[in-house]
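Good morning, colleagues. Please bring up the sequence and the structure, and I shall walk through several regions in turn.

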Amino acid sequence: MTMPTMKDKPRVAIIGGGIIGMAIGWRLAQAGASVDIFDRDIAGQAASRAAAGMLAAGVEAEPGEQTLLPLCLESQARWPGFAAELEALTGLPVGLRNQGTLVVASTRDEVELLRANYEFQRGLGLDLVWLTGAAAKEKEPFLNPRTAAGVFSARDGQVDNRLASAALIVALERTGARLHEGVEVTGLDVRGGRVTGVVLGDRVVAADQVVLAAGAWSRLVPGQASPPPVRPVKGQMMSLSMDPANPLLTHVVWAPKCYLVPRADGTLIIGATTEEKGFDSQMTAGGVLALLDAAWRALPGVEELPVKEMWTGHRPGCRDDAPILGPALGLDGLVLATGHHRNGILLAPLTADAIADLVLTGRIDPHIAPFGAGRFNAACAA
């Protein structure tokens, strides 16, 4: 991608060092901006680390989210170029895999639900294929023998979100952006109705533009005229260890009540619960039981695999499950890039391109125009 250049380097402060904040910072630094990214903890270690890295624009399309679909499909299409550029710059892999995604069902009720979803998604123009149970098991021989039907999406794949975050850290360094970890932004410096920097305790870092990309913590940053309506949505996840030379699974598989994501190194990720528990970060017996039971029903062989890791994360959720992208309300100089919910990894390339362009030129990319903060006020007025 070729970004516009500016005669004078704009100073941009980005609040949040997840994959969204870092990708925006990378694009801005490429274009010649002076970029400082501030993360309250360690970059890439919150929701960006907890994610499974699925690029599932097709199989995750749901009723009520038709407006979101074009954004997801466009960003999905940009991932190969984004990954190739990132790998070429850093020499680090990001684990992009395009084998496709399989959705499976076993019981009559599950098959009926799968058929309804399939027909809805096909009605949106998505390229999906209906499979018999036998055909699904040809793709994944270790699925439950009772698997009765499946849907295959060739365009839906995955990226290793942890590898991508690690590569972005190196990319930021190589393009001259400054990443500040363990630094909490305690406020916005506002003068005459415009943000002119960020407050870090007893000092101010001046900026021409500030980008708020703090995920589930975005509304907690003090000094905003209209904090974005973003809340934490807790998810519990775990991973098991497969033999990488003879893996139990090779495609991403969506089963009733769980998804299974196989990595090239043999890691098998199982996710995820969806809980309205605020910033609670505890793993629970019920959460682990639900994940393992759902995984076992789809892929019985998981019972023999060693447990590798268990963790929680906090998705930045909005009430319409869509991101908030564009200028903040009531405060010039502040740009929002938050609320990505379960699509943060998927939407990283397009978010980075569009927000960087907005910061540099003031132009609102048509792809993000429906996702401004003002849509919530319009909904309330209606």
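G187 stands opposite V199, a residue of strand 10. I should say at once that this is a predicted model. One place further, L188 has V198 of strand 10 opposite to it, and V190 has V195 of strand 10 as its bridge partner. These pairs belong to the meeting of strand 9, residues 187-191, with strand 10, residues 194-200; the two run antiparallel and are joined by five bridges. How many residues lie between strand 9 and strand 10 in their hairpin? There are two, and G192 in the turn has a positive phi of about 60 degrees.

Strand 10 also pairs on with strand 11, residues 203-206, through four bridges, and here too the strands run antiparallel. L200 stands opposite R203 of strand 11. The connection is again a hairpin with two residues between the strands, and G201 in that turn has a positive phi of about 65 degrees.

Taken together, the three strands form an open sheet, in the order 9-10-11, with antiparallel pairing. Strand 9 and strand 11 each have a single partner strand and stand at the edges, so one side of each lacks a neighbour in the sheet. On average, and ignoring direction, neighbouring strands in this sheet are turned by 40 degrees against each other. Is strand 10 mostly covered or mostly uncovered? It is mostly covered, with five of its seven residues buried.

Let me turn to the nonpolar cores. The largest of them has 52 residues, and I14, I24, L28, V211 and I355 are those with the most contacts inside it. Among the elements that give two or more residues to this core are strand 1 (11-15), helix 1 (19-30), helix 3 (69-90) and helix 8 (348-361). Which element gives the most? That is helix 8, with nine residues. I355 deserves a closer look: beyond its neighbours within four places in sequence, I355 is in contact with I24, V211, L325, G326, V335, L336, A337 and I368. There is also a second, separate core of 25 residues, which includes L102, L249, V288 and A298.

Helix 3 and helix 8 also meet each other. Their axes come within 7 Å and cross at roughly 95 degrees. Angles from 65 to 115 degrees count as roughly perpendicular, and therefore helix 3 is described as roughly perpendicular to helix 8. On the side of helix 3, the contact is made by L71, E74, S75, R78, W79 and F82; on the side of helix 8, by A348, P349, L350 and D353. Sorted by class, this contact has six nonpolar, one polar and three charged residues.

My last stop is F152, which has its place in strand 6, residues 149-153. Is F152 buried or exposed? Its relative accessibility is 11%, and the limit for buried is under 20%, so F152 counts as buried. Leaving aside the neighbours within four places in sequence, F152 is in contact with Q99, G100, T101, L102, D127, L128, V129, L131, K139 and H251. One of these, L102, was named a moment ago as part of the second core. Finally, F152 and V359 are 207 residues apart along the chain, and their C-alpha atoms are separated by 39 Å.

Definitions and conventions. Residues are numbered from 1 along each chain as its sequence is written. This is a predicted model: local features need pLDDT of at least 70, side-chain atom pairs count only at pLDDT 80 or more; totals for chains, interfaces and linings use all residues. Side-chain values use heavy atoms; hydrogens and water are left out. A nonpolar core is a set of buried Ala, Val, Leu, Ile, Met, Phe, Trp, Tyr and Cys residues joined through side-chain atoms within 4.5 Å. Buried means under 20% relative accessible area, exposed over 50%, partly exposed in between (1.4 Å probe, protein chains only). Contact means heavy atoms within 4.5 Å. Two strands pair if DSSP finds at least two bridges between them. Axes are lines fitted to C-alpha atoms, for helices over the stretch in contact, and angles run from 0 to 180 degrees between N-to-C directions. Angles under 35 degrees count as roughly parallel, over 145 as roughly antiparallel, 65 to 115 as roughly perpendicular and the rest as oblique. Ala, Val, Leu, Ile, Met, Phe, Trp, Tyr, Cys and Pro count as nonpolar, Asp, Glu, Lys and Arg as charged, and the others, Gly among them, as polar.
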